Structures are given as structure tokens and as C-alpha cells.
Amino acid sequence: MFRVLTFAVLLASALAAKKYNGYKVLRVTPKNDQELGKLFSLKDTVKDYVDFWKSPTTVDRPVDMLISPLHQDLVVGQINRRNLEFEVTVQDLQKDIDGERVEAVPGFSYTDYNTLDTINNWMDDLALSYPNLVEVVDVGSSYEGRTIRALKISGGTGGKPVVWYEGGIHAREWISPATIIYMTKLLVEGYVANDLDARDILDNLDVYMLPVYNVDGYEFTWTDDRMWRKTRKPLPLSSCYGVDPNRNWDYEWVASSIKCSETYPGPNAFSEIEVSSVTDHIQKLNNERGVLAFIDFHAYGEMWMTPCGYTETLPPDYAEQIDVATRSVSALQSVYDGETVYHTNLGPIATVIYEAHGSSVDWTYGELGIVHSYAVELRNTRSFIISSAYIEKSGRETYEALKVTSLHVIP
Ligand SMILES: [Zn+2]
């Protein structure tokens, strides 16, 4: 009976969710400045009905456009008019979504994507299983009244300097929470098994693992729209919802009037309770004990990025940042022998992807002075939809990078 009911509930929610049948992703990679210029003009022309998964930035960096069946002829016409070549990187997004979870079973699994409720239960269970090592900490709250929770993992006595690793600030980037969860497993089990690195890290640092930052958005990706990115607050005088929580941090924040944009930064910095409450928590920890490293995990693209986002000017600590980032990426890539390629996407956010104002690492570095602040785009290189078969690999390889960064900052 339970199984039948569960199936009925799953079916009902699946039926309610937005369908992406026939949606394609087209990729154009600009080969020179002239083609790049054409892509900027293309974006300007079609931006109202194309979701730019990757916007035009620099020569050789692919531009990915999600396009509904209704608009495909029009957009292809605009691409052809500009004599640009394109490839289809996603043939039918709904097919990918339907095949995303290899073993879709109810309940928690380290190798599957998990709902918010399931993740919350897992956090409680982990704290119960390892009472001297793991603690659930409420670190913020959401517009819809959910609690944002992190795991504090700490060996021996507490009150040590902090490293803060967070995921899921953009709701649709599911590999990010999944990777944080898998790395938590490796760290905790490593400590218990007397792994020297895990011991070194947890005996000298309090590690905060925050799997789902944008809790309302993440829930919405399960119930209504797999491609949702922003928060879920209604916007006054607009039919659109939500703010990009990674453009809402109070450092070099810049206003915008385009509320329906996927990167709408909000009416003012820290307008989103998710961002203001979690940053309050980070700031408090920094004042009390010092936060020595901060990594914000995103998807997709395989990129390991340093400050700054708001300017291409290199910050004073760049030499140290790029050194640690380079060593972290080497460790990551060696796990599966070059299956993932991060080292070509290594450097400041503003150079590697685009100029972005009000993003997390600019605040943690610029406002709090956390030198080792990084933004990471995890696997893969073509879509937000990545088969759950890759969760373990993403977790294992990224854990090696996390260890390099954590060990480096131990005082
Ligand atoms: Zn993101």
C-alpha cells in the first residue's frame, strides 16, 4: 500500500511539473572577436525567449541557449543571418530530465538526487550517528519559511577556525548539493577510519557543509520546474518571481530593472532573506573564530574560479589564490585521469565566465577578507542535467580539491 501511495504521489508531482518536451540547447562557440560581437547582438535580439545557460563572454567560450520548440525556427534564423555555426548539445531536454535519476528510489541515497526533506532527514541521521563529530546548525531562513541548515563537522574540541563550503544557491544545479553531500560522507568516514588528511582537517578546523542554500528554489525544482534558478519571492509590479541569490551579496552590488532576468540582483543588496541570514551567520563565525576558506559550488562547466567577479583587475592576493586553486584542480583531475578538465577554466570569475556583481566570493573576500574564496562550476560541460551515475565521481574528485584547500589554510 505504501509503495502504491508513494508512486501516486510521485506521479502527481511529476504531472504537475513543467515539461520540456522538444526543448533544445544550441551551442555557438565564437572563434574570433567578430563572431563574439555577433553573439552579443544575438543575445540582445532573442533574450526575451531564450534561456542563456551560458552567455557570450570571450572568444572560444561556448554560448549555450535553451530554446522552446515554439521559438527554434526564429532563433536558428537569427543565428544563420549572422553566419554563425551552431551545434545541438541537448536534443530533447525532457528526455534528459526523465533519465537523470538512474535509480529513482524513495529515501536517501548518496548516489541519487535527494529532495529537501530527504536531505534534512539525512542530516539529522548523520548527527545522530556521529554525535561527537557532526552537528546540525540552523544558519538561515527562506522567504517561504524554510530553515537553511548546515552540518558542522569538527573533531575534538569545537571553537576552531572555520572553513565554509556551500552548494545549491542556484536551485537547478543539482550536482552541487549532491557533491557536497558525497564529500561530507568521505570526510566523516575518513575521520572515523583514521585517514590522516581527514584527521588533520577536522582536528584543526570546524568544517561547515551547507548542501542546499536556496531551499525554496530547490523544492520548486522538484515540484514545479526542474530549470528554476532564483529564489521564490514574488516581485512587486512584475509577473516574474525571484532574485538571483548569487547577485544579491553586498559587495560591488549593481542595480538592474530587468526583474524577469535570470540574474536579477534584487531591489537592493541583501534584499533576500536567504542571503542576508546566511551571510550574518558567516560574518558572526568570522568575527568569533575566523573563516579561512569559502567555496561556493555551482554547475555546470568544470571551472575553478578566484576573485574577483566585479572587475578583471587582479586582487592583491591573486598569486596565493591561483596557486591554491591550481593545486586543488590538479588533485581533482588526477582522480579520474583527466576525465574532467578544469585547468583551462582556472582564474578570476570576471575573466573565466563573465563580469558578475554582488556575487558570493567578492563579498567573502572583499568584505570579510577571506583570501581563499572560490567559486566552482562542477561537472559536466554541456547541461544542468547530469545523470546521477556521476554523483560519486563528482564527489570523489572534488573531495581531493577540498582537501588541498582545507589543508592549506590550517594555521
Ligand atoms: Zn550557479
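**Helix α8, the sheet and the two domains**

Biologist: What covers the buried residues of α8?

Modeller: The cover includes α5 and β6. Buried means 20 or more other C-beta atoms within 10 Å of the residue's own, exposed means 12 or fewer, and partly exposed is in between; C-beta atoms are placed from the backbone. Helices (H or I, at least four residues) and strands (E, at least two) are DSSP runs, numbered from the N terminus.

Biologist: And what am I looking at?

Modeller: This is a predicted model: local features need pLDDT of at least 70, side-chain atom pairs count only at pLDDT 80 or more, and totals for chains, interfaces and linings use all residues. Residues are numbered from 1 along each chain as its sequence is written.

Biologist: Back to α8. How many of its residues are buried?

Modeller: Eight of its nine, so to speak of α8 (residues 215–223) as mostly covered is fair. The buried ones are V215, D216, G217, Y218, E219, F220, T221 and W222.

Biologist: Now the sheet. What is the strand order?

Modeller: The order is β5-β6-β8-β7-β9-β12-β10-β11. These eight strands form an open sheet with mixed pairing. Two strands pair if DSSP finds at least two bridges between them.

Biologist: Which strands stand at the edges?

Modeller: β5 (134–141) and β11 (346–348). Each has a single partner strand, so one side of each has no neighbour in the sheet.

Biologist: How many degrees are neighbouring strands turned against each other, on average?

Modeller: 25 degrees, direction ignored.

Biologist: Which helices pack on this sheet?

Modeller: Helix α5 (residues 116–129) is one of them, touching β5 and β6 (147–153). The direction of α5 makes about 145 degrees with that of β5. Helix α13 (residues 391–409) also packs on the sheet. It touches β7, β9 and β12 (372–378), and its direction makes about 160 degrees with that of β9. Axes are lines fitted to C-alpha atoms, for helices over the stretch in contact, and angles run from 0 to 180 degrees between N-to-C directions. Contact means that the C-beta atoms of two residues, placed from the backbone, lie within 7 Å.

Biologist: Take β7. Are its faces covered or open?

Modeller: Both are covered. V162, W164 and E166 are buried on one side, and V163, Y165 and G167 on the other. That fits the count for β7 (residues 162–167): six of its six residues are buried.

Biologist: How many bridges join β7 to β8?

Modeller: Five, and β7 runs parallel to β8 (residues 206–210). Y165 has M209 as its bridge partner in β8. E166 has L210.

Biologist: And how many bridges for β7 and β9?

Modeller: Six, again in the parallel sense, with β9 spanning residues 291–299. V162 stands opposite V291 there.

Biologist: What about β5 and β6, parallel or antiparallel?

Modeller: Antiparallel, with seven bridges. In that pairing V136 has L151 of β6 as its bridge partner. The two strands form a hairpin with five residues between them. G145 in the turn has a positive phi of about 90 degrees.

Biologist: How many bridges join β6 to β8?

Modeller: Three, and these strands run antiparallel. K152 stands opposite Y208 in β8.

Biologist: Switching to helices. At what angle do α6 and α13 pack?

Modeller: About 65 degrees, with their axes 8 Å apart; α6 covers residues 175–192. The crossing is right-handed. A crossing is left-handed if the near helix is turned anticlockwise from the far one by less than a right angle, and right-handed if clockwise.

Biologist: Which residues of α6 and α13 make the contact?

Modeller: From α6, they are I175, A178, T179, Y182, M183 and L186. From α13, they are I391, E392, S394, G395, T398, Y399 and L402. By class, this contact has eight nonpolar, four polar and one charged residues. Ala, Val, Leu, Ile, Met, Phe, Trp, Tyr, Cys and Pro count as nonpolar, Asp, Glu, Lys and Arg as charged, and the others, Gly among them, as polar.

Biologist: Last topic, domains. Where are domain 1 and domain 2?

Modeller: Domain 1 is 16–98, and domain 2 is 116–224 + 255–409. The bounds come from an automatic or database domain assignment. The C-alpha centres of the two domains lie 28 Å apart. Eleven residues from domain 1 and eight residues from domain 2 take part in the contact.

Biologist: Which elements give two or more residues on the side of domain 1?

Modeller: β4 (87–90) and α4 (93–98). That side has five nonpolar, three polar and three charged residues.
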